[in-house]
Amino acid sequence: MQKLREQTDAKIAFGRKKNPEFMKGVDDIINEAKAFEKGKNAIKIGEKAPDFILPNPLGKDVQLSDLLSKGPVVVTFYRGSWCPYCNLQLRALQAKLKEIESLGATLVAISPEVPDTSMTKNEISNMDFTVLSDQDAKVASQYGVAWEVPEFLLDHMRIDRELDLKEINNGNGSVLPIPATFIIGTNGLVQWNYVNVDYRTRSEPDEIIEALKSIF
């Protein structure tokens, strides 16, 4: 199976060929974000991970501290089921889920999508890990990974992809999480993290697995 990064790199290359002007605009936005160190406020290794209570697709509340009572938790933030890079990531995580769970960890994926729509349109409905809805991006903000989406990207979503983030995210359409992953120990402290303002690049599932092996 291809590495996640190989899959995302292939999608980026295809996008550059199909729509070079748009991809150039994305590059400019990402470079600007990096220049201003967006994501620098993400919680660091050794810091306390904020506890949270968020609903799953069935509307049932799930609390981080409850999950931590059973073992370490891998928390990954993604933009939504409409994002092709997110779907690549979630499929890659699903493929490695048994290895993650064999190490005693629970995998949780968080997006701003509302519970009644986030699991109905694609393969996310077949995932065996927990998917939660952070509708107001409050948890993403607490973890330092909330990002105000530039108007350039909002226009692209509305016009080229016919996506209305305000509708998808229940009114909170201008804020999305930076794709980020945190491994949280049973003591509630962050043991490992991956944060990248370039939403096209994600942590490899194998990196998560290796981190779990080395830490626990």
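A helix axis here is a line fitted to C-alpha atoms over the stretch in contact, and the angle between two axes runs from 0 to 180 degrees between their N-to-C directions. Keep that in mind for the first stop, and remember that you are looking at a predicted model.

**Stop 1: two helices side by side**

Select helix α1 (residues 4-18) and helix α4 (residues 84-95). Their axes come within 10 Å and cross at roughly 160°. Angles over 145 degrees count as roughly antiparallel, and α1 and α4 are therefore roughly antiparallel to each other. The crossing of α1 past α4 is right-handed. To see who makes the contact, show L4, Q7, T8, K11 and I12 on α1, then P84, Y85, L88, Q89 and A92 on α4.

**Stop 2: P205**

Now pick P205, which belongs to helix α9 (residues 205-215). Is P205 buried or exposed? Its relative accessibility is 4%, so P205 counts as buried, the limit for that label being under 20%. Turn on L4, A92, L93 and K96: P205 touches these residues, leaving out those up to four places away in sequence. You met L4 and A92 in the contact between α1 and α4. Try the distance tool on P205 and L4: their C-alpha atoms are 7.7 Å apart in space, although 201 residues separate them in sequence.

**Stop 3: a cluster of rings**

Next, show the side chains of F52, F77, Y143 and F182, which ring pairs link into a cluster. The model has five aromatic pairs by the rule used here. Zoom in on F77 and F182: their ring centres are 6.2 Å apart and their planes stand at 90°, so this pair is edge-to-face. F77 sits in strand β3 (residues 73-77) and F182 in strand β8 (residues 180-184), so the pair ties together parts that are 105 residues apart in sequence. F77 is buried, with a relative accessible area of 1%, and F182 is buried too, at 0%.

**Stop 4: A140, a neighbour of F77**

Keep F77 on screen and add A140, found in helix α6 (residues 138-142). Which residues does A140 contact, beyond its neighbours within four places in sequence? They are F77, D134, V145, A146 and P177. A140 is buried, with a relative accessible area of 2%. Now add A42: its C-alpha atom is 9.2 Å from that of A140, and the two residues are 98 residues apart along the chain.

**Last stop: a charge over a ring**

Finish by selecting R79 and Y199. R79 lies over the face of Y199, at 3.9 Å from the ring centre.

Notes. Residues numbered from 1 in each chain as written. Predicted model: local features only at pLDDT ≥ 70, side-chain atom pairs only at ≥ 80, totals over all residues. Heavy atoms only, no water. Phe/Tyr/Trp six-rings, centres within 6.5 Å; stacked < 30°, edge-to-face > 60°. Helix = DSSP H or I, 4+ residues; strand = E, 2+ residues; numbered from the N terminus. Buried < 20%, exposed > 50% of the residue type's maximum accessible area, 1.4 Å probe, protein only. Lys NZ or Arg CZ within 6 Å of the ring centre and 35° of its normal. Parallel < 35°, antiparallel > 145°, perpendicular 65-115°, else oblique. Left-handed = near helix turned anticlockwise from the far one by under 90°. Contact = heavy atoms within 4.5 Å.
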